[in-house]
Amino acid sequence: QMPRSQDPQASSRAAPKMKLILAHPTENVQAKPRRSNMRESSNYAENSPEMLQKFLEEFGREYRTRFPPEPNGFLHIGHAKAINFNFGQARLAREEGRGGETILRFDDTNPEVEDQRYIDAIIHDVEWLGFNPVFPSVHSVGLQSPRSSLLKLGACRRSR
């Protein structure tokens, strides 16, 4: 096969332009995908207009994505695909004037196997791929406290 740089038809087979998904907050009403093997009552979660309005008032209308790796190992090709998709969507949103940032939030559900070297490597890899992560704000700090309280009470358990 001829290398792409020498192929006269290469320009006509250019990759399709990526498009921004869920560019308008009002499109984001389905909280989880429908599944054919589930009862309708268990199958669909929808944001009410009131819930959506409250969210938009609190957090604004800027486009945000997230990349939530668990720091218990080095990244693999599947992570690279997720990084490129999430950071790419945020970049498209910025280009369209819709804000656009990707929050790098480390999943801490299994602290026994997490290590600082993996955190450092993940940050390095994201930056090496050409992206600038945003780290969680104080909004997410409040989530840890109820979880810790439930663990202490024995009302829930750590995932293994």
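**Aromatic pairs.** I began with the aromatic rings of this predicted model and found that the structure holds two aromatic pairs. The one I followed up joins phenylalanine 74 and tyrosine 118, whose ring centres lie 5.0 Å apart with planes at 80°, so I noted the pair as edge-to-face. I then looked up where the two rings sit: phenylalanine 74 belongs to the loop between β1 (64–67) and α3, whereas tyrosine 118 is in helix α4, so the pair ties together parts that are 44 residues apart in sequence. Their accessibilities I recorded separately, because phenylalanine 74, at 53% relative accessibility, counts as exposed, while tyrosine 118, at 12%, counts as buried.

**Overall layout.** I next went through the secondary structure and listed five helices and two strands, which follow the pattern α-α-β-α-β-α-α when read along the sequence. For the protein as a whole, I noted that buried residues make up 21% of the 160 residues. The accessible surface comes to about 11900 Å², and 54% of that surface belongs to carbon and sulfur atoms. Taking the contacts with a separation of 6 or more, I found that 65% of them are between residues 24 or more positions apart.

**The two strands.** I looked up how β1 and β2 are arranged, and they pair in the parallel sense over four bridges. Among the bridge partners, I wrote down phenylalanine 67, which is matched in β2 by leucine 104. Side chains in a regular strand alternate between the two faces of the sheet. I therefore checked β2 for its two faces, and found Thr102 and Leu104 on the covered one, with Glu101 and Ile103 on the uncovered one.

**Threonine 102.** I stayed with threonine 102, which has its place in strand β2 (residues 101–104), and which counts as buried because its relative accessibility is 2%, against a cut-off of under 20%. I looked for a polar partner and found the side chain of threonine 65, which is joined to the side chain of threonine 102 by a polar contact of 2.6 Å. Setting aside residues up to four places away in sequence, I listed Thr65, Arg66, Phe67, Asn86, Phe87, Ala90, Pro133 and Val134 as the residues that threonine 102 touches.

**Leucine 104 and the core.** For leucine 104, with neighbours within four places in sequence left out, I listed contacts with Phe67, Pro69, Ile122, Ile123, Pro133, Val134, Phe135 and Pro136. I then looked up the largest nonpolar core, which has eight residues in all: Phe67, Ile83, Phe87, Leu104, Phe106, Ile122, Val126 and Phe131. As to the helices, α3 (77–95) and α4 (116–128) each supply at least two residues of this core.

**Proline 133.** Since proline 133 appears in the contact lists of threonine 102 and leucine 104, I looked up this residue last. I placed proline 133 in the loop between α4 and α5 (141–153), and entered it as buried because its relative accessibility is 13%. Its own contacts, again without residues up to four places away in sequence, are Phe87, Thr102, Leu104, Val126 and Glu127. I also noted the C-alpha to C-alpha distance from proline 133 to isoleucine 123, which is 7.9 Å for two residues ten apart in sequence.

Definitions and conventions. Residues are numbered from 1 along each chain as its sequence is written. This is a predicted model: local features need pLDDT of at least 70, side-chain atom pairs count only at pLDDT 80 or more; totals for chains, interfaces and linings use all residues. Side-chain values use heavy atoms; hydrogens and water are left out. A nonpolar core is a set of buried Ala, Val, Leu, Ile, Met, Phe, Trp, Tyr and Cys residues joined through side-chain atoms within 4.5 Å. Buried means under 20% relative accessible area, exposed over 50%, partly exposed in between (1.4 Å probe, protein chains only). Contact means heavy atoms within 4.5 Å. A polar contact is a pair of N or O atoms within 3.5 Å; within protein, one must be able to donate a hydrogen and the other to accept it, and residues adjacent in sequence count only if both atoms are side-chain atoms. Accessible areas come from the Shrake-Rupley method with a 1.4 Å probe; for residues, only the protein chains shown count as cover. Rings of Phe, Tyr and Trp (its six-membered ring) pair if their centres lie within 6.5 Å; planes under 30 degrees apart count as stacked, over 60 as edge-to-face and the rest as tilted. Two strands pair if DSSP finds at least two bridges between them.
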